[in-house]
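The exercises below ask you to work through charge pairing, exposure and contacts step by step. Try each task before reading the solution that follows it.

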Amino acid sequence: MTDYHPTHARFVDRFFFDWFEADTLGAVRFYFGLGLFLYLGTQYPQLLILDTFGPGFQYTIPIWYFQILGITHNIPWLIIPVYLAMLAACLFFAFGKWTKPAIIAILITMFYLKGVRDSFSGDVHHREIPVFALLILFLVAKSDRMFGIDARRKLLAPIEQWEASWPLRAMQVYIAMFYFWALFAKLRVSGLFWFEHGGRIQETLISRALRDGFAANGDVVNLSLAWKLAQTPDLIFLCGVAVFLFELFIPLILFVKDWRWRGILLIAAATFHLSNYLLMNVQFYFYPFVFVAFFDMAKFHRWIKARLRLRTVEQKPDPA
């Protein structure tokens, strides 16, 4: 009897289970963890300048999950150990030591610090949400079974290729659609006014540039580049079109295996986030580290090690 494999089933199998070798998941975890250390380490600087042993105080507008948990009072000294624990957990996660507990520790500490920051500002920031989704995928996948301290010391059984591929492909889908649906969110809220001449982008540039007012010489205090760009609506329109095309076509990265094309899209994403930071102080500038999920980081790691060995051999003095 011949097995029946409908076309859509074969497509799903190829899409999710036939992309990466087994140790790629662990290698992505390693580089993702190092990037996460930098990303989360730069998200809470305003909390670190508080007087550690100063008085505690009530939150005026606690974030929604603080309200549910009954957390209404800030404890200044608690911020430092939680921050250090979060960074330590990122390194444990990266190097594959107690990987799953480290992920849980990252989630708890990250959301505590996010809660404190957002309860101060009275606004809900979304910079941790993509990280949360990807960490959940690392948690449910067998990301601790390869390419890590515990995997080597405990001699854990290797995983199959498909077990490494599906979580990475799920991460890729999430990352691509994060941009894609952001485009539709802009259009739903602002329509085509979002990137028209004198439209939403220009309004945002002006409001961000004037947030801290003018200096004595008449210049804006912060984001002077945003203020200058706001005076050139034609250039703003071109930037808006570029962002529109980038977010519209980013899902194509899911169907391209050539790392060079993926590298181009990574450069585009990095340019997008760096520009948003310089022009609007949108602090996603380290976010492109998540793009390691699109590359075979096991091959990249082997290439790095080979280059380092070669350099070490070249630098050794000749015994003769």
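**Exercise 1. Place I108 and relate it to V82.**

Solution. The model is a predicted one, and the first step is to locate the residue: I108 is found in helix α6, which covers residues 99-121. The second step is to classify its exposure, and because exposed means over 50% relative accessible area, the value of 57% makes I108 exposed. The last step is to consider the chain separation: I108 and V82 are 26 residues apart along the chain, while their C-alpha atoms are separated by 9.2 Å.

**Exercise 2. Carry out the analysis for P55 and I75.**

Solution. P55 belongs to the loop that runs between α3 (45-48) and β1 (57-58). Its relative accessibility is 68%, so P55 counts as exposed. Turning to the partner, P55 and I75 stand 20 residues apart along the chain, with 7.9 Å between their C-alpha atoms.

**Exercise 3. Work out which residues are joined in the salt-bridge network that includes R117, and whether the residues in its bridges are buried or exposed.**

Solution. As background, side chains of opposite charge can pair when their charged atoms come close. The structure holds 10 salt bridges, and the criterion to apply is a side-chain nitrogen of Lys or Arg within 4 Å of a carboxyl oxygen of Asp or Glu.

- Step one takes R117 with D118, whose closest N and O atoms are 2.9 Å apart, forming a salt bridge; both R117 and D118 are buried.
- Step two takes R117 with E128, where the side chains meet in a salt bridge with an N to O distance of 3.0 Å. This pair links distant parts of the chain, since E128 sits in the loop between α6 and α7 (129-140) whereas R117 is in helix α6, the two being 11 residues apart. Both E128 and R117 are buried.
- Step three assembles the result: K114, R117, D118 and E128 are linked in a network of salt bridges.

**Exercise 4. Classify the two members of the salt bridge between R260 and D258 by exposure.**

Solution. The closest N and O atoms of R260 and D258 are 3.1 Å apart, and the two residues form a salt bridge. R260 has a relative accessible area of 52%, so this residue is exposed. D258, at 26% relative accessibility, therefore counts as partly exposed.

**Exercise 5. Examine the polar contacts made by the side chains of K97 and T204.**

Solution. K97 lies in the loop between α5 (79-95) and α6, and because its relative accessibility is 18%, K97 counts as buried. A polar contact of 3.4 Å joins its side chain to that of D150. T204, for its part, is placed in helix α10, residues 200-209, and is likewise classed as buried because its relative accessibility is 16%. Here the partner is a backbone atom: the oxygen of R200 lies 2.9 Å from a polar atom of the T204 side chain.

**Exercise 6. Identify the residues that form the positive surface patch, and trace the helices that supply them.**

Solution. The members of the patch are R152, R153, K305 and R309. Assigning them to secondary structure, one finds that α8 (149-153) and α14 (297-315) each supply at least two residues of the patch. R309 lies in helix α14, and because its relative accessible area is 51%, R309 is classed as exposed.

Note on methods
Residues are numbered from 1 along each chain as its sequence is written. This is a predicted model: local features need pLDDT of at least 70, side-chain atom pairs count only at pLDDT 80 or more; totals for chains, interfaces and linings use all residues. Side-chain values use heavy atoms; hydrogens and water are left out. Patches are made of residues with over 30% relative accessible area and no salt bridge: like charges are joined within 9 Å, nonpolar side chains (Val, Leu, Ile, Met, Phe, Trp, Tyr) within 5 Å. Accessible areas come from the Shrake-Rupley method with a 1.4 Å probe; for residues, only the protein chains shown count as cover. Lys and Arg count as positive and Asp and Glu as negative; His and the chain ends are not counted. The place of a charge is taken as NZ of Lys, CZ of Arg, CG of Asp or CD of Glu. Helices (H or I, at least four residues) and strands (E, at least two) are DSSP runs, numbered from the N terminus. Buried means under 20% relative accessible area, exposed over 50%, partly exposed in between (1.4 Å probe, protein chains only). A polar contact is a pair of N or O atoms within 3.5 Å; within protein, one must be able to donate a hydrogen and the other to accept it, and residues adjacent in sequence count only if both atoms are side-chain atoms.
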